[in-house]
Each structure stands twice: as structure tokens, then as C-alpha cells.
Amino acid sequence: GVTLALSGRDRQRLDAVAAACRDKGARVAAETIDVVERGVMAGWVTAADDTAPLSLVVANAAISAQTRGGGDDEEQVRDIFAVNVAGVLNTVLPVIPRMRRRGRGQIALVSSIAGFRGLPGAPAYSASKAAVRAYGEALRGWLAADGVRVSVVCPGFVRTRMTEGNVYPMPFLMDADKAARIIRRGLERDKARIGFPWPSYFGMWLLGSLPPGLTDRFFRLIPKKE
């Protein structure tokens with residue numbers, strides 16, 4: 001009974017998700033789009049909003065050095081920021097003025113527990129997710145008076161294609177469907193920050209709160225993405 005506008009770059013996987021949603025009674029418009037294409041994203045988001053006013057917008061696209069097949073060289077650093085930061089802006093900025101005029105709406109920005117402290121093994125990814133977290137938390141305060149709700153999602157390790165190539169231990173690794181249920185409950189409760197699993201979330205929050213001089217040695221022990 002809902003209308004969904006879904007985007008992705010893998011047509012086959014996107015069509016499979018769209019079909020599954022239609023089987024459950026949703027109306028679905030699915031488009032293969034790259035979030036770094038600002039004009040294309042603006043056109044798609046506004047067209048979707050014209051068709052059915054968007055009540056929830058989720059900015060979820062992200063890549064890491066692992067996704068790009070190597071370490072943080074210059075091209076990968078720029079790619080990570082283009083998708084993880086500019087891609088978020090390209091997703092939410094077109095709809096914010098419309099939600100403000102309507103006096104309602106909800107936005108979810110997917111950050112990461114890596115956004116609480118720069119990880120030596122993933123500097124660009126950590127920095128991009130820190131930017132998303134700070135932007136989302138500030139956006140929440142700015143848009144509250146307009147009736148627009150904003151939540152920042154800070155997951156730990158979730159079993160996805162982004163993590164399947166990691167060769168190092170991933171504490172409290174969580175299945176994607178369980179992560180989705182946690183996110184959904186958090187959005188329903190209008191939580192400012194949806195962080196999980198709790199031990200990973202709390203640990204990274206604490207480490208990010210301590211002086212870098214105390215934590216540098218610990219973070220140097222964390223494996224780099226190969």
C-alpha cells in the first residue's frame with residue numbers, strides 16, 4: 001500500500017528488489033542512477049515527489065576502498081567523497097525545500113560508527129562518514145521547526161557486499177535484515193541517532209571522545225582494508 005522510488009546501479013538486483021516489493025503490494029518506480037550525477041538525481045527526486053509526495057527519503061549509497069579494490073590512493077579518495085558525501089547531498093537537497101513547505105517529512109542519512117573516529121585503515125571512508133553524521137545532526141536541528149524529522153544511522157559491521165571481502169575479524173557482524181529492522185524501529189521513533197550493534201557503537205563513540213594521544217596506538221593495530 002505504499003509508493004516506493006528505488007534507485008541503484010545494478011539493474012538486475014534493483015529489478016529483483018522492485019519485484020519483491022510489488023509482490024507485497026507496493027507501487028514501485030525503479031531507476032538505475034549514479035548518486036554522483038547531481039542533475040540526474042535532482043530530476044529523479046523531484047519527479048518522484050511530484051508523483052507522490054515523499055514522506056521518507058533514505059540516503060544510503062556508499063563505497064569504501066574495499067569496494068574500489070585497493071587502498072586510499074588519490075582517485076579512490078575522491079571517489080569515496082563523491083559518493084559518500086556529495087551523493088548524500090544530491091539525494092536530500094532536492095527534497096528539503098518541498099518538505100519544508102509541506103511542514104512534514106523524514107530524512108535518514110546513513111553514516112557509520114567509523115564516523116566517530118578516523119580509522120588509519122580507512123581514512124577517506126571514516127572522514128566521509130563523519131561528514132555525513134555531522135551534517136545530519138545539524139540538519140535535524142535546523143529542520144525541526146519546519147516539521148521535518150532527520151535521523152542519522154550509524155551501523156557497525158553488516159553482512160553486505162561491502163564487507164564480504166574483508167579478511168580481518170568483524171566484531172558483532174550483523175545480518176542485513178536484522179540491521180534493517182533496527183533502522184526501521186529507530187525511524188518510527190524519530191531517534192536522532194540510530195547506532196548499532198550497541199557494543200561497537202558505544203566503543204567507537206568512547207574512543208572518539210578520548211584524546212587522540214591515548215588512542216593512536218590502539219587504532220594503529222586495526223587492520224587495513226586489503
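Phenylalanine 116 is buried in the predicted model, with a relative accessibility of 11%. This residue forms an edge-to-face aromatic pair with tyrosine 201, the ring centres lying 5.7 Å apart and the planes meeting at 65°. The pair connects distant parts of the chain, since phenylalanine 116 belongs to the loop between E4 and H6, whereas tyrosine 201 is in helix H8 (residues 198–209), 85 residues apart. Tyrosine 201 is likewise buried, at a relative accessible area of 13%.

A further pair involves tyrosine 201 and tryptophan 198, with centres 5.7 Å apart; the planes stand at 50°, so this pair is tilted. Both residues lie in helix H8, where a spacing of 3 residues corresponds to about one turn of the helix. Tryptophan 198, at 55% relative accessibility, counts as exposed. In total, 4 aromatic pairs were identified, and Phe116, Trp198, Tyr201, Phe202 and Trp205 make up one aromatic cluster.

The sheet was examined next. An open sheet is built from 4 strands in the order E3-E4-E5-E8, with parallel pairing. Strand E3 (56–59) and strand E8 (193–196) occupy the edges; each has a single partner strand, so one side of each is left without a neighbour in the sheet. From one strand to the next, the twist averages 15°. Pairing between E3 and strand E4 (residues 106–110) is parallel and extends over 4 bridges, with leucine 56 positioned opposite glutamine 106 in E4. Helix H6 (residues 123–143) lies across E4, strand E5 (149–155) and E8, and runs at about 155° to E5.

Terms used: Residues are numbered from 1 along each chain as its sequence is written. This is a predicted model: local features need pLDDT of at least 70, side-chain atom pairs count only at pLDDT 80 or more; totals for chains, interfaces and linings use all residues. Side-chain values use heavy atoms; hydrogens and water are left out. Two strands pair if DSSP finds at least two bridges between them. Helices (H or I, at least four residues) and strands (E, at least two) are DSSP runs, numbered from the N terminus. Axes are lines fitted to C-alpha atoms, for helices over the stretch in contact, and angles run from 0 to 180 degrees between N-to-C directions. Contact means heavy atoms within 4.5 Å. Rings of Phe, Tyr and Trp (its six-membered ring) pair if their centres lie within 6.5 Å; planes under 30 degrees apart count as stacked, over 60 as edge-to-face and the rest as tilted. Buried means under 20% relative accessible area, exposed over 50%, partly exposed in between (1.4 Å probe, protein chains only).
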